[in-house]
Amino acid sequence: MMTITEKILAAHCGKKEVKPGELINARLDLVLANDITAPISIKEYRAAGAKKVFDSDRIALIPDHFAPNKDIASAEQCSMLRQFSREHDLSLYFEVGRMGVEHALLPEQGIVVPGDVVIGADSHTCTYGGLGAFSTGVGSTDVAAAMITGEAWFKVPESMKFVYNGKLGKWVGGKDIILKTIGDIGVDGALYRAMEFSGEVIRKLPMSGRLTICNMAIEAGGKNGIIEPDEITEKYVAKRARRKYKFFKSDRKATYVDIREYDLTGMEPQIACPHLPENVKPVSQLASINIDQSVVGSCTNGRIEDMREAAKVIKGHKVHPYVRMIVIPATQAIYKQCIKEGLVDVFIDAGAAFSTPTCGPCLGGHMGILAAGERAIATTNRNFVGRMGSPKSEVYLSNPAIAAASAVLGRIGRPEELK
Amino acid sequence: MKFKGNAWKFGADVDTDAIVPARYLNTSDPKELAKHCMEDSTNPDFMKKMKPGDIIVAEKNFGCGSSREHAPIAIKAAGVSCVVAKSFARIFYRNCFNMGLPIFESVEAVDGIKEGDQIEVDADAGVIRNLTSNKTFTVAPVPPFMQELIAAGGLMAYTKKKAGL
């Protein structure tokens, strides 16, 4: 009797069964790193005297954090990725103009698929659990070793099950579900554990919402987040998968260290207040919080569904005179779709900036850094001290509809408040 | 192996952005990263005050957030000899073993150490001694595989051997 996480790990280490706590060496379907983390991996790889990667079609290097190059030092880091990719003939290097925010790009392009085991030198690698894959963030040295061997060691995690029942209200989605959960269990509430998300709400949730939920499993300390694949998954991956995929499901009698049930009927949009993702409050309690900036984008909420949601709210309105609104589609395909659907017009007519894909302001890199005393509402994933700029600035995390409504109101608020 | 130094105390959930802010991640040079070690933490002047060999002592979930290995690299390059915490975030924990920053888990030690106390960590004996208060605490044992990694000289040395490089 195994959970989906245990089954995927067992299938990748040649065992019939694995148990929580067991140490395994797993075969990897994909290894990824970005312009911040790959330079250390490349240095370690070279220092080890390695000349050949395990598979030139299974290593993705994506310059997305400080790209398009924000300064000379960042340009040097991106250059390292480019050189390494050319030397090793990597098929999954994505240049500016073709790249996107890694965790939005790889599922969209069918490069990660259900049933995979993936590691990435980026903590939000856990996003692909939304497809029914086991994926987890690691450091640069782990990636260096994996580029050589195509394997990584794991301790099989214990699993926690989250069951969501009820019916979601208007302007409530994946972001609110995961913020509610992190608010409940805390930033280390799932430390070292697999977070399995289930229930009738999840079964109806589109792939974008599922990816958002799994994306933030790390914000509760989780090793991975995962959702059993179903017809919605099938519809999403069938047209884009570049490799064969496999659906794994948890046995009904699988063991969980904790099972938590939520009734989400009537739940308001949720906001994480500074300076931890666990400081979660319903939006109605925060109506007096003025904002200077609103950011819609990132690996958490930069998909086309997020763009549509924000555009729907802001259409026909103007961004508050004291607010900068910055919209960043996560990939080129999303950018193009925004043009096609007229969303770019909606944002620009409202007085928002519309940017090329980048992680940019999410980690205080560029494209919207906050000054001391400034406050942002953002659809990103972290609100630590200094995360978006000055250590004296503040970040509130929300879904795209709330970020858009707040941009118009000049304070945290709901779409229903727009006249 | 023994580590001796003065304790610098930090609270719960110290994140990797506090350890080394992302705005400095346009380099991976350890010396550059070390300049900004703990800059966005509750003790922004840490680098001005600390002395080589000193020890970071923190509450639960130290190193949460990003996977950036720049965080343990900055701590190590700053001259911190080791980190003692009630618990560590998963990726940070893994990174420390991979790149060689000694870390120790002990709830009782963290509760029994004050800022500025002189501390000795005896890794082989599995104890932490507070030389200021003359108290001794036990350390959570290091899992066997992690011991194997350390004995091999870190993950890359282990991988080199395995891959026959």
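Biologist: Why does the radius of gyration of chain A agree with that of a compact globule?

Modeller: The radius of gyration is taken over C-alpha atoms, and the globule rule is 2.2 Å times the number of residues to the power 0.38. For 419 residues a compact globule would come near 22 Å, and chain A has 20 Å, so the two agree. Along the principal axes, the C-alpha atoms of chain A fill a box of roughly 60 × 50 × 40 Å.

Biologist: Good to know! What kind of model is this?

Modeller: This is a predicted model, where local features need pLDDT of at least 70, side-chain atom pairs count only at pLDDT 80 or more, and totals for chains, interfaces and linings use all residues. Residues are numbered from 1 along each chain as its sequence is written, chains are lettered from A and ligands numbered from 1 in the order written, and side-chain values use heavy atoms, without hydrogens and water.

Biologist: What makes helix H4 of chain B mostly covered?

Modeller: Helices are DSSP runs of H or I with at least four residues, and strands are E runs of at least two, numbered from the N terminus. Buried means under 20% relative accessible area, exposed over 50%, partly exposed in between, with a 1.4 Å probe and protein chains only. In H4(B), residues 70-77, 6 of the 8 residues are buried, among them B:His70 and B:Ile75.

Biologist: What covers the buried residues of H4(B)?

Modeller: The cover includes helix H2 (38-47) of chain A and, from chain B, helix H5 (90-99) and strand S3 (82-85). Contact here means heavy atoms within 4.5 Å.

Biologist: And how much of chain A counts as buried?

Modeller: Of its 419 residues, 65% do.
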